[in-house]
Amino acid sequence: MEDLKHKILDILKEDARHSSEVISTMLDVPVAQVTQAVRELEHDKVIVKYASVINWGKVDKDKVTALIEVQITPERGHGFDSIAERIYLFPEVKSVYLMSGAYDLLVEIEGRTLNEVASFVSNKLSPIDRVLSTKTHFILKKYKQNGIIFEDKEDDHRMLITP
């Protein structure tokens, strides 16, 4: 069953719109078995949410995304978890990752303007106890996200020249 669940997860990762019927055909297993496996994966919070990957650059020009490197002092008895929780509860925050290397947390936020993001960093993030420093990087353009290439590459229509 675990092998089946991994195969189902691989299929849903590529396209979450696949129905149990389609997945059962792809894996050559009964529909009921696929349905039960998906239900268990959802119940166990392995499948947390079904979402679309959207190229916001083609839709919404009034959106700024920033990645913020955050150095923190871990809290005794809680480590990084309680500080990460304080940060991820802000509605502007889209993702928070514990990292190895020069900084501790990587925080992804979205805002309408550069000033809105700067205001978040200076008024909400930096004042948190145990935050030592932040470094903000603005995303200028997304080329690829979650394995999906956003750019439509034009075919090269030039004629080949051979000596």
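The paragraphs below lead from the nonpolar cores of this structure to its salt bridges and then to its surface. The model is a predicted one, in which local features need pLDDT of at least 70 and side-chain atom pairs count only at pLDDT 80 or more, while totals for chains, interfaces and linings use all residues. Residues are numbered from 1 along each chain as its sequence is written, and side-chain values use heavy atoms, with hydrogens and water left out.

A starting point is the largest nonpolar core, which has 18 residues; a nonpolar core is here a set of buried Ala, Val, Leu, Ile, Met, Phe, Trp, Tyr and Cys residues joined through side-chain atoms within 4.5 Å. Buried stands for under 20% relative accessible area, exposed for over 50%, and partly exposed for what lies in between, with a 1.4 Å probe and protein chains only. Within this core, the residues with the most contacts are Ile68, Val70, Ile87, Leu105, Val107, Ile109 and Leu125. At least two residues of the core come from each of β1, α4 (81–88), β3 (105–111) and α5 (114–125), and β1 gives the largest share, with five residues. These elements are DSSP runs numbered from the N terminus, helices being H or I with at least four residues and strands being E with at least two.

Isoleucine 87 shows how such a residue is surrounded: leaving aside residues up to four places away in sequence, Ile87 touches Val93, Val96, Leu105, Val107, Leu125 and Ile128, where contact means heavy atoms within 4.5 Å. A second core, separate from the one above, has ten residues, among them Ile8, Leu12, Ala37 and Val38.

Charged side chains add another layer, since the structure holds seven salt bridges, each being a side-chain nitrogen of Lys or Arg within 4 Å of a carboxyl oxygen of Asp or Glu. One of them joins lysine 7 to aspartate 3 at 3.4 Å, N to O, and both of these residues belong to helix α1 (residues 2–14), where they stand four residues apart, about one turn of the helix. Lysine 7 counts as partly exposed because its relative accessibility is 40%, whereas aspartate 3 is exposed because its relative accessible area is 51%.

Another bridge, between glutamate 40 and lysine 5, has an N to O distance of 2.7 Å. This pair links distant parts of the chain, with glutamate 40 in helix α3 and lysine 5 in helix α1, 35 residues apart. Lysine 5 has 9% relative accessibility and therefore counts as buried, while glutamate 40, at 25%, counts as partly exposed. Both residues also belong to a network of salt bridges that links Glu2, Lys5 and Glu40.

A charged residue of another kind of setting is glutamate 92, which lies in the loop between α4 and β2 (93–98). Glutamate 92 has a relative accessible area of 18%, so it is buried, and its contacts, not counting residues up to four places away in sequence, are Glu108, Ile109, Glu110, Phe120 and Lys124.

On the surface, finally, Ile54, Trp56 and Val59 form a nonpolar patch with about 280 Å² of accessible area together. Patches consist of residues with over 30% relative accessible area and no salt bridge, like charges being joined within 9 Å and nonpolar side chains (Val, Leu, Ile, Met, Phe, Trp, Tyr) within 5 Å, and accessible areas come from the Shrake-Rupley method with a 1.4 Å probe, for residues with only the protein chains shown as cover. Valine 59 of this patch sits in the loop between α3 (31–43) and β1 (64–72), and valine 59 counts as exposed because its relative accessibility is 61%.
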